[in-house]
Every structure is written in C-alpha cells, then in structure tokens.
Amino acid sequence: MKRKILSALLCVAMTATMLAGCGNSSNESTDDKNQEATDDAAADDTADDATDDAAGDDAADDSAAGGDKLTVWCWDPAFNIFSMEEAGKVYQADHPEFSVEVTETPWEDVQTKLTTAATSGDLSTLPDIILMQDNAFQKNVISYPDAFVDLTDSGIDFGQFGEAKTAYSVIDGKNYGVPFDNGAVIAAYRTDILEQAGMKIEDFTDITWDEYLEKGKTVLEKTGKPLLSCQAGESDVIMMMLQSCGASLFDDEGNPALVGNEALKKVMETYAALKEAGVLVEVNDWDQYISTMNTEAVAGTINGCWIMASIKTAEDQSGKWAVTNMPSLVDVENASNYSNNGGSSWAVTANCQNVELAKDFLASTFAGSVELYENIISCGALATYLPAGESDVYAKGDDFFGGDAVSAKIVEFAGKTPSNNTGVYYYEARDAVATAMQNIVGGANVDDEIQLAQETIESQMQ
C-alpha cells in the first residue's frame with residue numbers, strides 16, 4: 001500500500017467504527033457489530049488516562065517481568081478467554097514454568113487502548129498479546145506499524161490455515177497475526193420447511209444466487225416463509241457475496257474501487273432482486289434477526305458459522321436444520337460458494353518482553369495443536385487450522401444438524417474461501433455501501449448509488 005496513505009494515517013487518529021467479535025455472536029450479527037468506539041474518542045484519551053487504567057498497569061507490569069509469563073488482552077470469558085487459557089494448559093504440559101495471564105478486555109477497549117498507546121508513542125501499557133478483529137487488522141498495522149511484531153519468520157506454518165483467514169493479517173507480504181476462530185460462511189436451512197416445498201438440502205448445495213432466487217420463490221409460495229432475513233441498513237450479506245468471488249471495495253493501492261466494480265454491481269442487483277421477490281426479508285435489529293430463525297419465520301439463514309450458536313438456542317428445533325455452502329454469483333469472475341464473515345486473530349505487541357516465548361507459544365498452540373482445537377470446540381470455537389478438520393472430534397456428527405459432521409465441513413469451507421483486500425477504510429466503505437443498498441432497494445439507480453458511495457469514501461479519506 002502506498003506510503004503516502006500510511007503517512008496520512010499517522011498524522012491523524014483513525015476514524016473507523018470498529019465492529020464486535022463473533023465470540024459475542026449471541027448479541028451481535030458479526031464480529032463487526034459492537035465497534036462504536038471511534039478512534040477520535042481514543043485520541044481524546046490521554047496517555048496519563050491509559051497509564052492510570054488498572055488493567056493496563058497490571059498487563060504492563062507483568063510484561064516487564066518477562067520470564068515464562070505472557071499477558072493477554074481479549075474479550076468473552078466463555079469463548080476467547082476460555083480458548084486462550086486452554087492454550088496455556090497445552091503449552092504448560094511441555095513447559096511447566098510457563099503461565100498465561102488473561103485480562104478480560106472488551107474489543108472496543110482493546111482498540112481504544114491500542115490507539116492511545118500508539119498515538120502517544122508509549123507502548124508500555126500494552127500486554128504481550130492481544131486479540132484483534134480480522135477486519136481491523138490491516139488498518140491497525142498500517143496505521144501503527146511500530147506497535148506490532150512481524151511473525152513471518154516465527155516458525156509458524158501459515159500455510160496450515162485457510163488462505164483467506166491468513167490474508168487478513170498480512171501487510172506488505174508480512175504476517176502479523178496468528179489466525180484463531182472461524183468465520184467461514186454457512187447456509188443453514190430448515191429441512192422440514194424445505195420438505196413442505198418438495199425440496200431437500202441437496203437442492204441448495206453448490207447452487208447459484210439465480211437458482212436460490214427461483215427456489216426461494218417456490219418455498220415462499222408453498223410455505224409462506226422467506227429463505228433469508230437480515231438487518232436493514234447493514235452490509236453483511238453484501239460483503240459475504242462480494243468476498244465469495246475474491247472481490248473488494250478497494251484496489252491494491254488502497255484506493256476506493258466501487259465505480260466499475262462489476263462484482264459489486266452484480267451483488268447489489270442480486271440483493272435487490274431477492275428483496276423485491278420477498279425471498280429476503282429485512283428486520284430492524286439483531287434480536288429480530290435471531291427471532292426470525294427461532295420462531296420459524298424464515299426457512300434459513302446465511303452467515304458466519306458462529307450463527308449456529310444462536311440457531312441452537314431453539315432446542316425444540318434439533319434435527320430440523322442442515323448446513324451447506326452458500327450460493328455463488330452468476331457471470332462474475334472467480335465466483336465461488338464460499339466466503340467469510342467475522343473472526344479474529346492473535347497479535348504480538350512491540351511491548352512484549354519475551355518475543356521468542358510468545359512466538360513459540362503461538363506456534364505450539366493456535367498454530368500447531370490439534371489437541372487445543374479439540375479442547376475448545378466445546379465453546380463453539382471452530383478452527384481455521386486445517387489439520388484440526390481431520391481430527392476425530394471434528395468428524396463427530398451434530399444431532400442438531402441432522403447428524404452431519406458440521407465442524408469438519410466448516411473447516412473445509414474455510415480452506416476454500418477466497419481472500420480479499422479489506423484495506424484501511426473498510427468500515428467506512430461498508431457503511432457507504434449499506435446506505436447505497438437501502439437507496440437501491442427504495443428504487444434508486446444502481447450506478448448512481450455506487451458513484452455516490454465512492455465519493456463518500458473518497459471524501460472521508462481526505
């Protein structure tokens with residue numbers, strides 16, 4: 001990415017709205033949803049405020065000690081924190097003196113503290129390792145390159161992860177993150193509702209969006225239920241469609257590339273067609289979205305695999321759901337039936353007092369232990385570490401989803417997902433696209449709205 005973009009970024013505080021983690025998927029639609037803590041707010045926090053923060057002080061003191069202890073910031077006790085503590089146990093088996101201390105830190109606080117430390121030039125408040133939202137990774141490393149450790153030559157075999165997952169934390173050809181949880185997209189359907197329409201899960205496997213639309217019309221006509229629901233004003237479905245063909249809202253230099261982007265135009269036209277036909281129904285908020293599935297108002301959903309946790313809260317629906325891949329775009333180059341929505345990765349901060357220990361720990365656990373991923377599958381943490389997909393634990397059937405080995409299937413999906421460029425202004429771009437999509441659904445011209453969205457992003461970049 002051009003250094004003039006980096007220079008501009010380092011002169012101002014970041015202004016993106018960050019989104020929340022899939023570990024909190026019971027409350028939010030993606031790992032992007034809770035990021036309302038802006039970098040402007042972070043810039044207003046003084047270095048003294050960050051120093052006075054108790055959690056920051058504890059992490060900094062522990063890091064200063066070095067030795068066989070690593071300090072970590074992440075969120076969600078039942079998901080991310082549980083997984084990191086299990087990783088500590090796995091590593092401790094061969095390194096008895098080792099310990100890991102995790103401080104529960106909501107993602108928005110991680111982002112705020114990171115921004116404050118980096119802009120003040122004082123990284124001493126940071127822990128050894130932080131968990132970072134995938135879609136925020138490139139923005140943070142490009143904006144604050146001195147805050148992170150290059151892991152390219154750490155001994156980690158990044159080829160053992162899904163290519164698309166790894167790409168989120170690659171900047172200028174260097175690896176800065178160790179992939180963690182899986183955000184591979186699934187299409188989940190109520191098989192009993194499909195049967196009422198004379199269909200089965202195989203009829204929705206390896207299909208196109210055009211086929212999905214026609215089948216959806218049939219399901220709607222015979223059962224009265226749409227196939228899909230989503231939040232109005234959000235761009236999750238759009239971004240999943242776009243990544244399924246490896247397309248992006250930016251070019252390789254980080255410039256907005258909406259105008260003339262045939263994949264984006266096809267995505268918007270497809271979304272509008274689904275909405276017009278009633279195959280897709282929009283709701284006002286996340287709770288209503290989950291309710292459409294739990295109350296049987298829709299016949300399915302398409303989202304990151306973490307959505308299964310919300311689906312399974314309706315225990316009376318056990319055995320009535322099945323999982324397959326998503327539809328592919330028609331007449332679009334590199335179209336596939338695979339995408340990603342959500343997820344996070346581990347980063348080593350430049351304040352780490354024992355970088356070699358941190359590298360070896362991550363290489364031996366999240367980047368090297370099938371046992372770890374077998375242990376944490378109980379909390380819903382599915383791997384993008386491809387060897388885990390071949391384990392006996394991942395091969396077990398899930399009765400809720402008709403006895404299918406959905407965990408192994410999802411790891412396979414992750415390995416087939418195309419990578420795309422999120423860039424520095426990812427969040428601004430997806431918001432502009434979401435606004436454009438709502439206008440198009442309301443009758444506006446597609447090309448005009450794409451042009452306006454690009455102008456909006458360019459203005460924000462100025």
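User: How exposed is E101, as a relative accessible area?
Analyst: In this predicted model, E101 has a relative accessible area of 28% and is therefore partly exposed, given that the partly exposed class lies between 20% and 50%.

User: And which residue does E101 form a salt bridge with?
Analyst: The partner is K69, with the closest N and O atoms 2.8 Å apart; E101 sits in strand β2 and K69 in strand β1, so that the pair links distant parts of the chain, 32 residues apart. K69 also counts as partly exposed, at 24% relative accessibility.

User: What order do the strands of that open sheet take?
Analyst: The order is β2-β1-β3-β12-β6, five strands with mixed pairing, and β2 (99-104) and β6 (178-179) are the edge strands, each pairing on one side only.

User: How do β3 and β12 run, and how many bridges join them?
Analyst: Strands β3 (residues 129-133) and β12 (residues 344-348) run antiparallel and are joined by five bridges, with L131 standing opposite W346 in β12. Helix α15 (residues 355-364) packs on the sheet, where it touches β1, β3, β6 and β12, and its direction makes about 65 degrees with that of β1.

User: Which side chains meet in a salt bridge at 3.9 Å?
Analyst: Those are E356 and K359, which lie three residues apart in helix α15 and are thus separated by about one helical turn. E356 is exposed, with a relative accessible area of 55%, whereas K359 counts as buried at 14%.

User: New topic: is α7 buried or exposed?
Analyst: Helix α7 (residues 134-143) has 10 of its 10 residues buried, so the helix is largely enclosed by the rest of the structure; the buried residues include D134, K139 and S143.

Key. Residues numbered from 1 in each chain as written. Predicted model: local features only at pLDDT ≥ 70, side-chain atom pairs only at ≥ 80, totals over all residues. Heavy atoms only, no water. Pairing = 2+ DSSP bridges. Helix = DSSP H or I, 4+ residues; strand = E, 2+ residues; numbered from the N terminus. Contact = heavy atoms within 4.5 Å. Axes fitted to C-alpha atoms, helices over the stretch in contact; angles between N-to-C directions. Buried < 20%, exposed > 50% of the residue type's maximum accessible area, 1.4 Å probe, protein only. Salt bridge = Lys/Arg side-chain N within 4 Å of Asp/Glu carboxyl O.
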